[in-house]
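Ready for a walk through a protein chain? Open your viewer, keep the selection tool at hand, and follow the stops below in order.

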Amino acid sequence: MSRSRMTAAVIVAAGRGTRAGPGLPKQWRSLGGRALLAWPLDTFRAHPRIDRVVLVLHPDDMGVAAGYAAHPDVDVAEGGETRQASVRAGLEALDAGGADRVLIHDVARPLVDAALIDRVIDALDDAQGAAPALPVVDALWEGDGGKVGAIRDRTGLYRAQTPQGFHLGVILDAHRAHPGGASDDVAVAQSAGIGIEIVRGSETNFKITEPEDFARAEAILEHRMDIRTGTGFDVHAFGPGDFVTLCGIPIPHDRGLLGHSDADVALHALADAIYGALAEGDIGRHFPPSDPQWRGTASHVFLEHAAGLAAQEGLSISNVDLTLICEEPKITPHARDMIERVAHILDLSERRVSVKATTSEGLGFTGRREGIAAMASVTLVSR
C-alpha cells in the first residue's frame with residue numbers, strides 16, 4: 001500500500017436512536033462494558049490504513065467532544081438535523097486535512113471489522129466508490145393489512161452496509177450539490193453519477209436498531225475480541241566499525257555493533273515483541289544464529305517475518321513502542337527517520353510508531369559505553 005494516499009473515516013454518531021428503546025441514545029449505551037460508540041471508533045483508529053477519524057456528534061453531545069479530540073488522530077464535528085447533513089459536516093471537516101479517500105460509517109454498526117475495511121479501501125484503487133453489502137437470501141413478501149400480499153423477486157437485491165468509501169473530493173462535491181433526503185451516501189453518489197462497486201459485507205456488521213440487537217452484539221463480542229501484547233529486549237556490544245544500524249537507519253559512529261546479522265538491536269527487540277505476543281518464541285527460533293545463511297542479514301527481514309505471522313493469525317499491529325538505551329550515539333537527531341522506516345516496514349501510520357531513547361545515567365554496560373540495549377512493546381488486535 002502506498003502511504004502517499006491518506007485515508008480517513010467519518011463515523012456518524014449524531015442520531016438519537018429512539019427505536020433502540022428508552023434511555024440514552026444508543027451510541028452512548030453500554031455494549032460489552034463500554035459505550036457502543038467506542039467499538040467502531042477504536043476499530044477505525046487501530047486500522048493501519050486509516051490515518052484520521054472524524055467523529056460527528058449531536059449538538060447536545062458536544063460537551064464530551066474535548067475528550068475524543070484529545071486523541072491526535074481524531075477530530076470532532078457537530079452534526080446536523082439529518083444524517084445527510086451530519087455526513088456533510090464530517091466531510092467538510094476533512095476537506096482541508098489532506099485526505100484523498102474517506103470511509104463513511106454509521107455508529108450503529110459497532111462490529112465492523114478490519115477485513116471489511118480493507119475490502120472497501122482496496123476497491124477504491126479502481127472505483128470512484130465502494131460499499132459493502134450482502135445478497136438477499138430470504139423470500140420477499142409485500143404486506144397487505146397484516147397478510148402476505150405480492151411476492152417480490154429477490155434476484156439481484158442486496159442488504160446495504162457501511163462503511164461506504166469514496167474519493168473525498170468526489171463525494172464532498174456530490175453532498176454539496178444534493179438537495180437532501182438521500183437514504184445513504186451511495187444514494188448521494190448515484191445522484192452525481194458516481195459508480196459504486198459492491199464488496200462483500202459481513203453478517204456481524206449488522207445495524208443495532210431494536211433493543212434485542214444489543215444482546216445479539218454482546219454474544220458476538222464474547223467470541224470475537226482478541227487483543228495481545230508482547231515485549232522484546234535485546235542487547236548488542238560495540239565493536240570495530242564506523243556506523244551502527246538502528247531501525248534500519250545507518251548512523252555514523254566511531255564503533256559498530258557486533259552481531260550475527262546486521263546487529264540492529266532496535267528491530268530485533270521489535271521483532272521479538274511481536275513473536276512474544278504470538279507466543280512464537282524469539283528471532284533465534286525462526287532464524288538460528290547457528291545457520292550461516294542468516295549471517296549479515298538485514299534485520300527488516302526478521303521484522304517482516306514476525307508481522308507476517310501476525311497477519312496469518314488475523315491480527316493487525318495497532319502500535320509499537322521502542323526505547324533505545326545508550327549513552328552514544330545520540331538518537332534524537334535520527335528518531336524521525338527511524339519512525340518513518342519502521343512505519344514503512346510494518347505498513348503503519350507513523351502516528352502508531354514510537355521511538356525514544358534514554359541513558360542509564362552512567363550505570364551498567366550501557367553507562368560504560370560498551371553497547372546498546374533496546375526494549376519494545378507491541379499491541380496486536382484482531383482484524
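## Stop 1: A residue on the inside

Select L103 to begin: with a relative accessibility of 0%, this leucine counts as buried, because buried means under 20%. L103 sits in strand β6. Keep in mind as you look around that this is a predicted model.

Now add G259 to the selection and draw a line between the two C-alpha atoms. L103 and G259 are 156 residues apart along the chain, and their C-alpha atoms are separated by 45 Å.

## Stop 2: Zoom out

Show the whole chain as a cartoon. You can look for twelve helices and 19 strands. Along the principal axes, the C-alpha atoms fill a box of roughly 85 × 40 × 40 Å.

How much of the chain is buried? Of its 383 residues, 50% are. Switch on the surface next: the accessible area is about 17400 Å², and carbon and sulfur atoms account for 52% of that.

Try colouring by charge as well. The chain has 37 positive and 52 negative charges, and the mean positions of the two sets are 3 Å apart.

The contacts tell you about the fold too. Taking contacts between residues at least 6 apart in sequence, 70% join residues that are at least 24 apart.

## Stop 3: An enclosed helix

Select residues 114-123, which form helix α4. Why is this helix described as largely enclosed by the rest of the structure? Eight of its ten residues are buried, so the surrounding structure covers most of the helix. The buried ones are A114, L116, I117, D118, R119, V120, I121 and A123.

To see what surrounds them, show these elements, against which the buried residues of α4 pack:

- strands β1 (7-13) and β6 (101-106)
- helix α1 (38-46)
- strands β7 (129-135), β11 (164-167) and β12 (196-200)

You have met β6 already, as the strand that holds L103. Before leaving, zoom in on the start of α4, where a side-chain oxygen of D113 comes to within 3.1 Å of the backbone nitrogen of A115.

## Stop 4: Three rings together

Select F287, W294 and F302 and show their side chains: they form one aromatic cluster. The structure holds three aromatic pairs. One of them is F287 with W294, an edge-to-face pair with 4.8 Å from centre to centre and 85 degrees between the planes.

Turn next to F287 and F302. Their ring centres are 4.7 Å apart and their planes meet at 50 degrees, so this pair is tilted. F287 lies in the loop between α9 (283-286) and α10 (300-312), while F302 is in helix α10, 15 residues away, and the pair links distant parts of the chain.

Are these rings buried or exposed? F287 is buried at 8% relative accessibility, W294 is buried at 18%, and F302 is buried at 3%.

## Stop 5: A serine in a loop

Go to S360, in the loop between β18 (353-358) and α12 (364-367). S360 counts as buried, with a relative accessibility of 17%. Which side chain shares a polar contact with that of S360? Select T366 to find out: the two side chains are joined by a polar contact of 2.6 Å. Leaving aside residues up to four places away in sequence, S360 touches I325, E327, T366 and G367.

## Stop 6: Unusual backbone

Here is a rule to carry with you: most residues other than glycine have a negative phi, and most peptide bonds are trans. The last selections go against it.

Start with T162 and P163, joined by a cis peptide bond with omega at about 15 degrees. P163 is in the loop between β10 (158-160) and β11. Another cis peptide bond joins E328 and P329, with omega at about -5 degrees. P329 belongs to the loop between β17 (315-325) and α11 (335-346).

Finish with two alanines. A263 has a positive phi of about 60 degrees, and A279 has one of about 55 degrees. You will find A263 in the loop between β16 (256-257) and α8 (265-277), and A279 in the loop between α8 and α9. Check them on the surface view: A263 counts as buried at 0% relative accessibility, whereas A279 counts as exposed at 64%.

Technical notes
Residues are numbered from 1 along each chain as its sequence is written. This is a predicted model: local features need pLDDT of at least 70, side-chain atom pairs count only at pLDDT 80 or more; totals for chains, interfaces and linings use all residues. Side-chain values use heavy atoms; hydrogens and water are left out. Buried means under 20% relative accessible area, exposed over 50%, partly exposed in between (1.4 Å probe, protein chains only). Helices (H or I, at least four residues) and strands (E, at least two) are DSSP runs, numbered from the N terminus. Contact means heavy atoms within 4.5 Å. A polar contact is a pair of N or O atoms within 3.5 Å; within protein, one must be able to donate a hydrogen and the other to accept it, and residues adjacent in sequence count only if both atoms are side-chain atoms. Accessible areas come from the Shrake-Rupley method with a 1.4 Å probe; for residues, only the protein chains shown count as cover. Lys and Arg count as positive and Asp and Glu as negative; His and the chain ends are not counted. The place of a charge is taken as NZ of Lys, CZ of Arg, CG of Asp or CD of Glu. Rings of Phe, Tyr and Trp (its six-membered ring) pair if their centres lie within 6.5 Å; planes under 30 degrees apart count as stacked, over 60 as edge-to-face and the rest as tilted.
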